[in-house]
Amino acid sequence: MSMFINTEKPMRRKVDVPEIEEEIEWVSKSEMKRDSLALRKLGETLVKLEPHELAKVPLDEDLAEAVELAHRLRGKHEGLRRHMSYLGKLLRLRDVTDIQKALAGFEHKTTVANVKFHKLELWRDRLIKEGDKGVNAIMSEYRQLDRQKLRQLARNGRKEMAAGLPPAAFRELFQYLKANIKEEE
């Protein structure tokens with residue numbers, strides 16, 4: 001039996017490749033990992049939302065079920081870790097811009113609330129420190145406030161601080177400002 005070995009170079013086929021009009025965008029492995037991690041963190045953020053907030057996020061049926069399952073897996077560390085990876089995979093297969101917009105809206109509301117809270121604290125501290133001068137300053141900006149109530153609460157707050165008493169008027173002044181100062185958002 002003789003063995004025949006073909007020593008000729010194999011023929012190459014000419015394959016017609018259609019011209020690609022769009023450029024191919026190469027993505028590095030590191031960038032893919034960063035994107036994957038970002039989507040996994042997005043999934044973790046979804047799992048941490050309160051039910052009334054989660055209802056406002058546009059999730060399809062599969063994502064909603066995956067988030068609900070993650071809530072049930074809270075105590076099981078390894079199972080939750082694997083499930084969070086699965087949730088990240090589900091998010092990779094979808095356009096998440098609407099979800100990100102909804103979450104950004106929650107963050108914006110929180111930021112606005114924090115700014116208002118700090119502004120009210122500053123007004124309260126200024127009223128207690130400056131007395132009538134502070135009352136005049138706040139009345140020029142917020143005409144709907146009751147001047148006498150502000151003066152009384154500020155005076156009581158100063159007395160409490162001087163005597164080392166619990167800050168009842170201090171808190172009451174803050175609550176009055178919070179209830180009566182409405183900011184345009």
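Let me start with helix α4, where Arg-81 and Glu-78 sit three residues apart and are therefore separated by about one helical turn; helices here are DSSP runs of H or I with at least four residues, while strands are runs of E with at least two, and both are numbered from the N terminus. These two residues form a salt bridge, with their closest N and O atoms 2.7 Å apart, and by salt bridge I mean a side-chain nitrogen of Lys or Arg within 4 Å of a carboxyl oxygen of Asp or Glu. Side chains of opposite charge can pair when their charged atoms come close.

Before going on, I should say that this is a predicted model, in which local features need pLDDT of at least 70 and side-chain atom pairs count only at pLDDT 80 or more, whereas totals for chains, interfaces and linings use all residues. Residues are numbered from 1 along each chain as its sequence is written, and side-chain values use heavy atoms, with hydrogens and water left out.

Are the two partners in α4 buried or exposed? Arg-81 is partly exposed at 37% relative accessibility, and Glu-78 is partly exposed at 39%, where buried means under 20% relative accessible area, exposed means over 50%, and partly exposed lies in between, using a 1.4 Å probe and protein chains only.

A second pair to look at is Lys-119 with Glu-141, whose side chains meet in a salt bridge at 3.8 Å, N to O. This pair links distant parts of the chain, since Lys-119 belongs to helix α5 and Glu-141 to helix α6 (residues 132-141), 22 residues apart. Then there is Asp-125, which forms a salt bridge with Arg-124 at 3.2 Å between the closest N and O atoms; Asp-125 is partly exposed at 35%, whereas Arg-124 counts as buried at 11%. Over the whole structure, the search finds 11 salt bridges, and Asp-60, Asp-62 and Arg-94 are linked in a network of them.

Now to the nonpolar residues. The largest nonpolar core, meaning a set of buried Ala, Val, Leu, Ile, Met, Phe, Trp, Tyr and Cys residues joined through side-chain atoms within 4.5 Å, has 20 residues, and those with the most contacts inside it include Leu-46 and Leu-91. Helices α1, α3 (61-72), α4 (77-92) and α5 (97-130) each supply at least two residues of this core. A second, separate core of 19 residues includes Ile-128, Val-135, Leu-150 and Leu-177.
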